[in-house]
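Visitor: I am new to this structure and would like a close look at a single part of it. Please start from one small place and then work outward, so that I can follow along.

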Protein chains: 2
Amino acid sequence: MASDSEVVVNNKQVILKHFANGAPKESDLEVKTSSISLKVEPGSNAVIVKNLYVSCDPLMGNRMKNLGIPGLSYTLESPLEAFGVARVVDSGHSELKTGDLVWGAVGWEEYSLINNTQSLFKIHHTDVPLSYYTGILGMPGITAWAGFYELAAPKKGENVYISAASGAVGQLVGQFAKLMGCYVVGSAGSKEKVEILKNKLGFDDAFNYKEEQDLNGALKRCFPEGIDIYFENVGGKMLDAVLQNMRNHGRITACGMISQYNLRQPEGVHNLMNIVFQRIQMKGFFATDYFHEYAKFLEVVLPLIREGKIIYLEDIVEGLENAPAALVGLFSGRNVGKQVVVVSKD
Amino acid sequence: MASDSEVVVNNKQVILKHFANGAPKESDLEVKTSSISLKVEPGSNAVIVKNLYVSCDPLMGNRMKNLGIPGLSYTLESPLEAFGVARVVDSGHSELKTGDLVWGAVGWEEYSLINNTQSLFKIHHTDVPLSYYTGILGMPGITAWAGFYELAAPKKGENVYISAASGAVGQLVGQFAKLMGCYVVGSAGSKEKVEILKNKLGFDDAFNYKEEQDLNGALKRCFPEGIDIYFENVGGKMLDAVLQNMRNHGRITACGMISQYNLRQPEGVHNLMNIVFQRIQMKGFFATDYFHEYAKFLEVVLPLIREGKIIYLEDIVEGLENAPAALVGLFSGRNVGKQVVVVSKD
């Protein structure tokens, strides 16, 4: 405990009040104020950070539940954990100094005490928006990069389909695929998002899955010769339709299945025999498995941002008070682009 | 057409009378006798072979249907095509001589005219049973070898589960896995097969899936720490149970889904989210994609057979007349081991 009362400040937090049952609700969370010392204890190599931006990611909805998967669930009465961008306020760590900017796992709160400093990346490049380190230059960026280039092993001219294509990850996969010379189609859940895919993000085609009577037919229309790479973000009926439209030796990168997370029983997928008949690879992954390649990733992506060859859509809300609604909104597709919460502007 | 009537002989054939609707039935096939010239036309590089053994493989049931998959279905009124062992009777091919033994794609008939000689492998080693070239030394052997070593990338000590484990492929995967130092459990559909797995084939454990109320529970009992590699031969409910028991970074080799082939609608698989959460790889393949590695395969497997380090169970029926029942029996698990049909003993 800090002995100097001057360094103890109020700390607004978003805590898990009870485990979510089905779709996460705002009422599962509570915004409350506790206090925190801004001085690291002597001898500790922890850091204390002031959070500037925190991220809303679909996986957080699962972590709000009690699914019985070891290490997954949040702790009751504790702040949610998420990726964030923060400034170091005090540090017992030799490589992190007061004033340094970092991104990594922080709490949904104004200030976080971080013992596991290995999960923090120091931010060296500030000529791009700092919020990008929760998105294109953070976890979603590495997800798109590893999931597309490493798992899907794309080749020029291949047919690429992306669901949830205007989201934090999908929008990047589509742009990476276009840069590689692929034919790229995305789906999303509103007319506005479809327009963005076609007119802002450079997709060759896009459709609103909510307006399609028959997903199989929609995919056959967009891909008369079939799909080589499917970047899977939604699961369920969409996956079933995709399996009917994959080409031989097609690859499915299983990044997420957001349509399934909040169902009491996930939908049944019937067309898995096509995995055998078309010799399909389907592979799940976590971005964290690729964090060791972050420097290599930055070398590729930073120049693309600076040269305007890739853009990134963010949906930014202000204040931790508005964070619960932003997180819940992910599951109804309320956000347009990467959902970010501003915690503090300085 | 051959001008010399002396070389035209009767040719018993098993032909497709009409496409199968659901499970293949004996009545979909007809045994009839046509005639064939035993002389290759001058200038052709085809061969004529006398078939000694032909194979019954699960995929043949799908080829008997009109599934609309290009190149898959058999031709009505023509003999079924299958892997077989044969002796060359006449040859226009420079590397195949009369008397040579070959294995590859032949017809379900006494004699076959083979234009596509690229699909034939010359048999050089006859100190092992010739029928093995429809099994352990043919397509099922390469399937087990490529599916286990190449697709599943096994490591010593890993936990391996095999469904349809006493079948043509499964029995080999289990023995390969034991040789590598894995913990190996198989499932099959009778007490007799379970005994064979444990007592003849050296599996660490085995269970009769028909006697388990709860497949998930059976797998948890056999694999309290989870499954690293699943060699998938059956699909449906079994796959769903396996997905609940895979370890992180587990691999599923999708070789076949025999429980699903004859259903009007395949069963829904609900636990695909685990592919994301456990970062699972699931991969389909055909043995033919690995036929170019056949020489390498033989170098590994022939010594294992000769040294008695690996055994191979065959279920042999005599005569093309009995071939339809043998093929149909695959789908009810009637066979014990690799199902082979003897066409001729000389």
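**A loop residue and its surroundings**

Guide: Ala153(B) is partly exposed, because 13 other C-beta atoms lie within 10 Å, and this is a statement about a predicted model. The residue sits in the loop that runs between helix 2 (139-151) and strand 8 (159-162) of chain B. Its backbone deserves a look, since the phi angle of Ala153(B) is near 45°, a positive value in a residue other than glycine. In chain A, the loop between helix 2 and strand 8 (159-162) holds Ala153(A), whose phi is near 40°, again a positive value in a residue other than glycine. Ala153(A) counts as partly exposed because it has 13 C-beta neighbours inside 10 Å.

From that loop one can step back to helix 2 of chain A, residues 139-151, whose axis comes within 11 Å of the axis of helix 8 (residues 294-306) of chain A and crosses it at roughly 90°. The crossing angle is why helix 2 of chain A is described as roughly perpendicular to helix 8 of chain A. On the side of helix 2 of chain A, the contact is made by Gly141(A), Ile142(A) and Trp145(A), while helix 8 of chain A brings Tyr294(A), Phe297(A) and Val301(A). Sorted by class, the residues of this contact are five nonpolar and one polar, with no charged residues.

On the other side of helix 2 in the sequence, the loop between strand 7 (120-122) and helix 2 of chain A contains His125(A). This residue counts as partly exposed because it has 14 C-beta neighbours inside 10 Å. His125(A) is 149 residues away from Asn274(A) in sequence, and the two are 45 Å apart in space, C-alpha to C-alpha.

The next step outward is the division of chain A into domain 1 (5-135 + 314-342) and domain 2 (139-287). Taken over C-alpha atoms, the centres of domain 1 of chain A and domain 2 of chain A are separated by 29 Å. Where they meet, 12 residues of domain 1 of chain A are in contact with 14 residues of domain 2 of chain A, and the side belonging to domain 1 of chain A has five nonpolar, six polar and one charged residues.

The two chains also touch each other, with 28 residues of chain B in contact with 29 residues of chain A. Helix 7 (273-277) and strand 13 (281-284) of chain B each supply at least two residues of the side of chain B that touches chain A, and by class that side has 15 nonpolar, 10 polar and three charged residues.

Last comes the interior, where the largest nonpolar core has 220 residues, and those with the most contacts inside it are Val49(A), Val242(A), Val49(B) and Val242(B). If neighbours within four places in sequence are left aside, the residues in contact with Val49(A) include Ala86(A), Val88(A), Val102(A), Tyr111(A) and Ile114(A). In chain B, helix 9 (residues 323-330) is mostly covered, with six of its eight residues buried. Those buried residues are Ala323(B), Pro324(B), Ala326(B), Leu327(B), Val328(B) and Leu330(B), and they pack against several elements of chain B, among them strand 1 (8-16), strand 3 (47-55) and strand 15 (338-342).

Definitions and conventions. Residues are numbered from 1 along each chain as its sequence is written. Chains are lettered from A and ligands numbered from 1 in the order in which they are written. This is a predicted model: local features need pLDDT of at least 70, side-chain atom pairs count only at pLDDT 80 or more; totals for chains, interfaces and linings use all residues. A nonpolar core is a set of buried Ala, Val, Leu, Ile, Met, Phe, Trp, Tyr and Cys residues joined through C-beta atoms within 7 Å. A residue is buried if 20 or more other C-beta atoms lie within 10 Å of its own, exposed if 12 or fewer, and partly exposed in between; C-beta atoms are placed from the backbone. Two residues are in contact if their C-beta atoms, placed from the backbone, lie within 7 Å. Axes are lines fitted to C-alpha atoms, for helices over the stretch in contact, and angles run from 0 to 180 degrees between N-to-C directions. Helices (H or I, at least four residues) and strands (E, at least two) are DSSP runs, numbered from the N terminus. Angles under 35 degrees count as roughly parallel, over 145 as roughly antiparallel, 65 to 115 as roughly perpendicular and the rest as oblique. Ala, Val, Leu, Ile, Met, Phe, Trp, Tyr, Cys and Pro count as nonpolar, Asp, Glu, Lys and Arg as charged, and the others, Gly among them, as polar. Domain bounds come from an automatic or database domain assignment.
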